[in-house]
Amino acid sequence: MNKKGGVYVGIVAVIALATLALVIYPSLSTTNEWKASIYANLMLETKRIWQNARFVLDKATADALADYAQTNGSTDVSGAGNQVKSYLNNALTAISNESGFKCKLDSFNYRTGTANNKAKVTIDLKCEQELRKNTKTSFKVSYTKKAVFKKEVKSVSPLQVIDLQSGTLDIG
């Protein structure tokens, strides 16, 4: 009887372990899928913040050029690079404070055309967010992409800033 009883106990133990594994595995799998979906959603949110920041920076570029041209009383915006960069950094500070995402310029390049009334601003815009807020980990989701803003300042009353990429009037 002892040998038969030992076999039955062994079989029952194996069945119990198999049942336990069948219960635990889907729960662990669901937890991992849930964590993966959180990270995927955070990546999508980071891209959305980046897109919004890009549109805000496009407008900030037009504002900076218009203010520079009005201050100098000329459509020559060849010296407006520092003012444009300052406007962009101020806009990114506001975006970061409001959204909780950290957005910054990884690179900035300012050029003007031959008539000095056309400006081309090229930036690498980076937005990032910590995976787990208020933890000591440094894992982040980040999205970086190049953005280009092409503007033309026209001397008409009132001063106009035209977006050369879309052909629309930004200011005027």
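This passage describes a disulfide, an aromatic pair and a surface patch. The structure is a predicted model, in which local features need pLDDT of at least 70 and side-chain atom pairs count only at pLDDT 80 or more, while totals for chains, interfaces and linings use all residues. Residues are numbered from 1 along each chain as its sequence is written, and side-chain values use heavy atoms, with hydrogens and water left out.

One disulfide (a pair of cysteine sulfur atoms within 2.5 Å) is found in a search of the whole structure. It is formed by Cys103 and Cys127, whose sulfur atoms lie 2.2 Å apart, and the link is right-handed, with 115 degrees about the S-S bond. Distant parts of the chain are thereby linked, as Cys103 is in strand β1 (residues 102-112) and Cys127, 24 residues apart from Cys103, is in strand β2 (residues 118-130); strands are DSSP runs of E with at least two residues, helices are runs of H or I with at least four, and both are numbered from the N terminus. Both Cys103 and Cys127 are buried, that is, under 20% relative accessible area (1.4 Å probe, protein chains only).

The count of aromatic pairs comes to one, where rings of Phe, Tyr and Trp (its six-membered ring) pair if their centres lie within 6.5 Å, and planes over 60 degrees apart count as edge-to-face, under 30 as stacked and the rest as tilted. Trp50 and Tyr143 form this edge-to-face pair, at 5.6 Å centre to centre and 85 degrees between the planes. Trp50 counts as buried because its relative accessibility is 7%, and Tyr143 is likewise buried, with a relative accessible area of 19%.

Note on methods:
Buried means under 20% relative accessible area, exposed over 50%, partly exposed in between (1.4 Å probe, protein chains only).
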